[in-house]
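User: I'm new to this structure and would like a close look at its interior. Could you walk me through what is packed inside and what space is left empty?

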Amino acid sequence: MVQVGTSRVKKGMAEMQKGGVIMDVVNAEQAKIAEAAGAVAVMALERVPSDIRAAGGVARMADLGIVEDVLKAVSIPVMAKARIGHFVEARVLESLGVDYLDESEVLTPADDLYHINKKEFTVPFVCGARDLGEALRRIGEGASMIRTKGEPGTGNIVEAVRHMRTMMSQIRKVQAMSYDELMAEAKNLGAPYELLEEVHKTGKLPVVNFAAGGVATPADAALMMQLGSDGVFVGSGIFKSENPEKFARAIVEATTHYTDYELIARVSKGLGTAMPGLEISKIREADRMQERGW
Amino acid sequence: MKIGVLALQGAVAEHLRMLEEAGAVAVPVKKVEELDDLDGLVIPGGESTAISKLMHKYGFMEAIRQFGEEKKPIFGTCAGAILLANQINGQDDFHLGLMDIKVERNAFGRQKESFEVHMPIAGVAADYPAVFIRAPYIMEVGEGGQVLAKYEDKIVVARNGHYLAAAFHPELTEDTRLHKFFLDMVKEYRS
């Protein structure tokens, strides 16, 4: 019997992205540059996160014309973002043939209590998380891939590092626990018990885990890989840098060879200026995207 | 028996685990010199355009062609099959061009059309769990090649001498029979 949209097919899609870089693009031309630079997928957006931050107001699903242009322009998978809880935006993007949906805190949440029931969809979802509990809640709702939230559009890696370190440390702790402690820990973390049990047995998340939210340089990408990321999302970091093509290629190479410091040095030379960065403490609490999601 | 898995991008860890379970010593290959003492090579699933760019950059195109010319077996899955092929439908160029097959990329549609199905593979299994993800298929197999499996009349597993190509992802299952079949090919060419 033929089955579409199974958990294995949806999670497997993310497995194929491992060791790669997924790049934010706002038009077909940028998508082609990303593909030529060796991106494993592109995220089609109306605005990159730093521009969303600058524009303020309500950020919604991208203009569908842009999404369609990008779908036509490249042969690699195309992702797109829907608002947290906005299952109609998600269904609309699925109907266009988008390969992966990001239920994303970068957009203004549409539901302040609930996320999308992602199990119902044929298309797989990626969701952001700051810790193990949040990651397992999203997986419990049907997410097939997790990424750190970081703080999008800042070019500041500190939050992504904090989120990845927190998750990895919690995973190690859960793995070392005795069975007796698991239920109390599930309550502690706000995580579904069965998924926590799986983490206890395997010592890893049940899905692929990427870094996102602040990656701006090849060294940032390599840092996140060494902290345990399976791959990297780069949002504003590429097309807000001085030389997007070079930056894109350099970040791809640094993600593949994340412990080869001579190579990272070589690809990092002469890149020009990275995207402008933002100090996290200068962002008002209400404007911090990572707080969105429940 | 030592088998390498090309580790530039994609489902590397899964192939390493399956090869170990099938009885081989399996190592990731990130640099060309790591090909030297291998008996066989797996090119995993991933994004073929991304893997191909990195192969060009680090000299893997010449090194793997030489590896293949020394009659050392190579197994390509999904993106790996595209990289092995000597013809890609709608494109003038190819990647490694080692295996005489013609492939069509993303031939079963986009991600939402991706699927799993049980199918027979000649000489391997009567009921093999095949996971197709934005998969290609093999349009033609060149002279001397064998078609090992078809799905809806499309060739999805083929062998030609010491090359093996699958359109789906055997590394995403717990079923090691196709990996064992590849290890038997490696044994055959070692002796």
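Analyst: Here is a tour of the inside of this model, from its cores to its cavities and then to the place where the chains meet. Please keep in mind that the model is predicted.

Let's begin with the packing. The largest nonpolar core has 106 residues, and the members that touch the most others are A:Ile146, B:Met55 and B:Ile64. Helix H7 of chain A, residues 158-176, is the top contributor to this core, giving seven residues. For a view from one of these members, take A:Ile146: beyond its neighbours within four places in sequence, A:Ile146 is in contact with a set of chain A residues including A:Val126, A:Ile139, A:Met167, A:Leu205 and A:Phe210. That list also has A:Arg138 and A:Asn209. As a general point, nonpolar side chains in soluble globular proteins tend to be buried together.

Now for the empty space. Searching the whole structure turns up two cavities of 30 Å³ or more. The largest has a volume of about 180 Å³. Its lining is made of 23 residues, and those closest to the centre are A:Asp24, A:Pro49, A:Ala212, A:Gly213 and A:Gly235. Two elements of chain A, strand S9 (232-234) and helix H11 (236-239), each supply at least two residues of that lining. Sorted by class, the lining of this largest cavity has nine nonpolar, eight polar and six charged residues.

The second largest cavity has a volume of about 130 Å³. Among its 13 lining residues, B:Gly46, B:Glu47, B:Cys78, B:Asn106 and B:Arg134 lie nearest the centre. Here the classes are six nonpolar, four polar and three charged.

Another residue to look at is B:Gly45, in the loop that runs between strand S3 (40-43) and helix H2 (48-57) of chain B. B:Gly45 counts as buried because its relative accessibility is 0%, and the cut-off for buried is under 20%. Its contacts outside the four-place window include B:Gln9, B:Thr77, B:Cys78, B:His169 and B:Glu171, along with A:Met16 from the other chain. The C-alpha atom of B:Gly45 is 10.0 Å from that of B:Leu6, although 39 residues separate the two along the chain.

A:Met16 brings us to the meeting of the chains. There, 42 residues of chain A are in contact with 37 residues of chain B. The area buried between them is about 3,100 Å², with carbon and sulfur atoms giving 53%. On the chain A side, A:Arg8, A:Val9 and A:Met16 lose the most area to chain B, together 23% of what that side buries.

How values were computed: Residues numbered from 1 in each chain as written. Chains lettered and ligands numbered in written order. Predicted model: local features only at pLDDT ≥ 70, side-chain atom pairs only at ≥ 80, totals over all residues. Heavy atoms only, no water. Core = buried A, V, L, I, M, F, W, Y, C linked by side-chain atoms within 4.5 Å. Buried < 20%, exposed > 50% of the residue type's maximum accessible area, 1.4 Å probe, protein only. Helix = DSSP H or I, 4+ residues; strand = E, 2+ residues; numbered from the N terminus. Contact = heavy atoms within 4.5 Å. 1 Å grid on protein atoms, 1.4 Å probe; cavity = no way out; pocket = protein on both sides within 12 Å on 5 of 7 lines; lining within 4 Å. Points joined across faces, edges and corners; volume = space filled by probe spheres on them. Nonpolar A, V, L, I, M, F, W, Y, C, P; charged D, E, K, R; others polar. Buried area = accessible area lost by both parts, 1.4 Å probe.
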